[in-house]
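Here's a quick walk through a two-chain model, written to be read with the structure open beside you. Let's start with what ties the chains together and then look at each chain in turn.

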Amino acid sequence: MTDSKARSDELPSIPKIDKIIHEPARLMIMAHLFVVESVDFLFLQRQTGLTWGNLSSHLSKLEAAGYIDVEKEFVGKKPHTMLHLTDKGRTAFQEYRQSMKQVFEDLPE
Amino acid sequence: MVIKMARNINLRMTGKINLKEIERKAWMSYFEDGLWDIFMGLLMLTTGIRSLTDNVWFTLGIFAALLISVIGKKLITIPRIGRVKFGPARKVKQKKLAAVLIVSVLATLALLLLPHSGLALPKISISPINGYLDCGGLRPAGILHGFRAPVRIWLVVCDIRGALGTVRQPHRPNSAHGFRNCHSAHRAGLVDPFPAQVSPTRR
């Protein structure tokens, strides 16, 4: 108890970090989605270098958190998945960036 | 321990998160297919062939090159690399580029077609290059070079001097091809195909 209190005194902004975004693969996905309007699954897979299953799993978690919107459609006879950040996701990413900056600013030299 | 962990994150994060770089990388991935290089190659090839012949139809090669790159992008590249819609900043850049390209294409077409229209054109034409080139077929190449500012300024000076009669275009009396090309430029009122000093063979 005393230990955790001491930690929060050292770096008060640490607890504010969004753990869903903080995971490296999801952070990469969020960063890629943040700079564009929308992408399809294939493009995101090529850009992030994640495997099909890994990417799919992380996208499910982000979708469950309400950070991304997944639209499934057919182009001809082929299934096609388009992804884009929701307003909530965009705000969460901005807040994550701010909180991370705050963490690094709070770091003692 | 927490501080150490945060420092590690800092080192890792600063090395990885660069949003501009991510956007640029995504944009550049669309040009890794080589279609842009093929387009530029065909454009240069068409321009080169056009400079050797007076046949206007070779100009259509530019549109063929454009068609190949558009169809190739749609049918070959996009199904393999995936689709992406870029953000508003990139869209503004794309619109500016499209506007410049449209103006360039229209200006090029106007410059190619005006000498064949039969209109009495002024001595100083729209293109500063026109007055100095003695071959009509070289105009597309000249226009491409003309986009380079120092060359353009130099050509403006040459064009004004040519219009004032202080610069004579090189005349090739033994070359029928050269004479024909000079004739098209003469129709535009830009080149004098019969200089003051006529060679004894022509006389």
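Which strands make up the open sheet, and in what order do they come? There are four of them, in the order 2(A)-3(A)-1(A)-1(B), and the pairing is antiparallel. Keep in mind while looking at this that the model is predicted.

**The sheet**

The two edge strands, each pairing on one side only, are strand 2 (68–75) of chain A and strand 1 of chain B. From one strand to the next, the twist averages 20°. Helix 5 (residues 52–64) of chain A packs on this sheet, where it touches strand 2 and strand 3 of chain A. The direction of that helix makes about 120° with the direction of strand 2 of chain A.

Now for the pairings that involve strand 1 of chain A. On one hand, strand 1 (residues 36–40) of chain A is joined to strand 1 (residues 84–86) of chain B by three bridges, with the two strands running antiparallel. Here A:Val36 has B:Phe86 as its bridge partner. On the other hand, strand 1 of chain A pairs with strand 3 (residues 78–85) of chain A, again in the antiparallel sense, over two bridges. In that pairing, A:Val39 stands opposite A:Leu83.

**Helix against helix**

The chains also meet through helices. Helix 3 (residues 24–35) of chain A and helix 2 of chain B have axes that come within 9 Å and cross at roughly 70°. Angles of 65 to 115 degrees count as roughly perpendicular, so helix 3 of chain A and helix 2 of chain B are roughly perpendicular to each other. From chain A, the residues in this contact are A:Ala31, A:His32, A:Phe34 and A:Val35; from chain B, they are B:Leu19, B:Ile22, B:Glu23 and B:Ala26. By type, that's six nonpolar residues, one polar and one charged.

**The chains side by side**

Here's how the two chains look on paper.

| Item | Value | Pattern or share |
|---|---|---|
| Chain A, elements | six helices and three strands | α-α-α-β-α-α-β-β-α |
| Chain B, elements | eight helices and one strand | α-α-α-α-β-α-α-α-α |
| Chain A, burial | 109 residues | 26% buried |
| Chain B, burial | 203 residues | 18% buried |

What about contacts along the sequence? Looking at contacts with a separation of 6 or more, residues 24 or more positions apart account for 56% of them in chain A. In chain B, the corresponding share is 64%.

**Two spots in chain B**

How far apart are the end C-alpha atoms of helix 5 (residues 88–113) of chain B? They are 37 Å apart, which agrees with the 38 Å that 26 residues should span at 1.5 Å a residue. Helix 5 of chain B is also hardly covered: one of its 26 residues is buried.

The other spot is B:Phe31, in the loop between helix 2 (19–28) and helix 3 (35–52) of chain B. Is B:Phe31 buried or exposed? A residue with 12 or fewer C-beta neighbours within 10 Å is exposed, and B:Phe31 has 12 inside that distance, so B:Phe31 counts as exposed. B:Phe31 also sits 9.4 Å from B:Lys73, C-alpha to C-alpha, although the two are 42 residues apart in sequence.

Key. Residues numbered from 1 in each chain as written. Chains lettered and ligands numbered in written order. Predicted model: local features only at pLDDT ≥ 70, side-chain atom pairs only at ≥ 80, totals over all residues. Helix = DSSP H or I, 4+ residues; strand = E, 2+ residues; numbered from the N terminus. Buried ≥ 20, exposed ≤ 12 C-beta atoms within 10 Å, placed from the backbone. Contact = placed C-beta atoms within 7 Å. Expected span 1.5 Å × (residues − 1). Pairing = 2+ DSSP bridges. Axes fitted to C-alpha atoms, helices over the stretch in contact; angles between N-to-C directions. Parallel < 35°, antiparallel > 145°, perpendicular 65-115°, else oblique. Nonpolar A, V, L, I, M, F, W, Y, C, P; charged D, E, K, R; others polar.
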